[in-house]
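Dear colleague,

I am handing over the structure below, and I would be glad if you kept it open while you read my notes.

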Amino acid sequence: MTDLDNERDDLDGHTIDELSDYLDRGRTPLDPSIEGSPGCRIALGSLERLRQISQSLVEVDAAAEAPRNDDWLGGILESIGREARAGRDIPLLPPSPRATLSVTEGAVRGLIRAAGDRAGGLIIGRCRLDGDVTVPGTPITVSIDASVFWGERIVETVDRAREAIYSALLKHTELTIASIDITVHDVYFAQVAEPDVSASTDAPEPDASTSTEGDAL
């Protein structure tokens, strides 16, 4: 039994394995306890995108007759389950002094993962928000572990993902982003679609980086 199984309540009583089985069934019959859970929906979206990417990896491995060790996939699944949990509440500027608005840390991590996936060329393994997100104006560092696909220019791929992530955070949160640090750990063979450049067209371009670590924006 994994740590994820021991913390079922953080995904409203469900585990990543259960959510994966639910996707295998085509999300039928409809499960209100899953569809009505923000954390589960965040995890489902991440699982669906990961399946599209991993299917490409499996096809390339089969063509090359070189089976891949699946440990990397298990690590990503653990990250998805951990990150989808609500975590800390991140305050938003309310429309009225009598109102209180916030977004969960899990929702923001899901947003980051989705933006990175749409940018194309890499797989996000782990995502962390470093800093006190509960205090408005506190500088926050987004720390990401990732792997890139064979044939991608690492610096360009990382910069593209960083720009897409920054654009999403700028649009949907009020966090003060000090930097987005992306560390590349591995390279995978895969056939992937072109990146969705529309996901990052309205973002200020981050400073160029000559390494896989992000400079302050």
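In which sense do strand β4 and strand β5 pair, and over how many bridges? Before the answer, please keep in mind that this is a predicted model.

Strand β4, which covers residues 139–149, pairs with strand β5, residues 176–188, in the parallel sense, and 11 bridges are found between them. One place to look at this pairing is Ser143, whose bridge partner in β5 is Asp181. Together with helix α7, which covers residues 154–172, the strands β4 and β5 make a β-α-β unit that is right-handed.

For the wider picture, the protein chain has 7 helices and 5 strands, and along the sequence these follow the pattern α-α-α-α-α-β-β-α-β-β-α-β. The chain has 217 residues, of which 42% count as buried.

Next, please turn to the loop between β4 and α7, which is where Trp150 has its place. Trp150 counts as exposed because its relative accessible area is 60%, and the cut-off for that word is over 50%. With Ile154 and Val187, Trp150 makes a nonpolar surface patch of about 300 Å².

Is Arg113 buried or exposed? Arg113, which is found in helix α6 (residues 105–119), has a relative accessible area of 4%, and it is therefore called buried, since that word is used for values under 20%. The side chain of Arg113 reaches the backbone oxygen of Gly125, at a distance of 3.2 Å.

The last region I would like to show you is the loop between α2 (16–24) and α3 (32–35), where Thr28 is found. Arg27 lies in the loop between α2 and α3, and so does Pro29. The phi angle of Arg27 is near 60°, which is a positive value in a residue other than glycine, and Arg27 is partly exposed, with a relative accessible area of 24%. Thr28 is also described as partly exposed, because its relative accessible area of 45% falls between the 20% and 50% cut-offs. A polar atom of the side chain of Thr28 lies 2.7 Å from the backbone oxygen of Arg25. Finally, the peptide bond that joins Thr28 and Pro29 is cis, with an omega of about -10°.

With kind regards

How values were computed
Residues are numbered from 1 along each chain as its sequence is written. This is a predicted model: local features need pLDDT of at least 70, side-chain atom pairs count only at pLDDT 80 or more; totals for chains, interfaces and linings use all residues. Side-chain values use heavy atoms; hydrogens and water are left out. Helices (H or I, at least four residues) and strands (E, at least two) are DSSP runs, numbered from the N terminus. Buried means under 20% relative accessible area, exposed over 50%, partly exposed in between (1.4 Å probe, protein chains only). A polar contact is a pair of N or O atoms within 3.5 Å; within protein, one must be able to donate a hydrogen and the other to accept it, and residues adjacent in sequence count only if both atoms are side-chain atoms. Two strands pair if DSSP finds at least two bridges between them. A crossover is right-handed if, with the strands pointing away from the viewer, the path from the first strand over the helix to the second runs clockwise. Patches are made of residues with over 30% relative accessible area and no salt bridge: like charges are joined within 9 Å, nonpolar side chains (Val, Leu, Ile, Met, Phe, Trp, Tyr) within 5 Å. Accessible areas come from the Shrake-Rupley method with a 1.4 Å probe; for residues, only the protein chains shown count as cover. A salt bridge is a side-chain nitrogen of Lys or Arg within 4 Å of a carboxyl oxygen of Asp or Glu.
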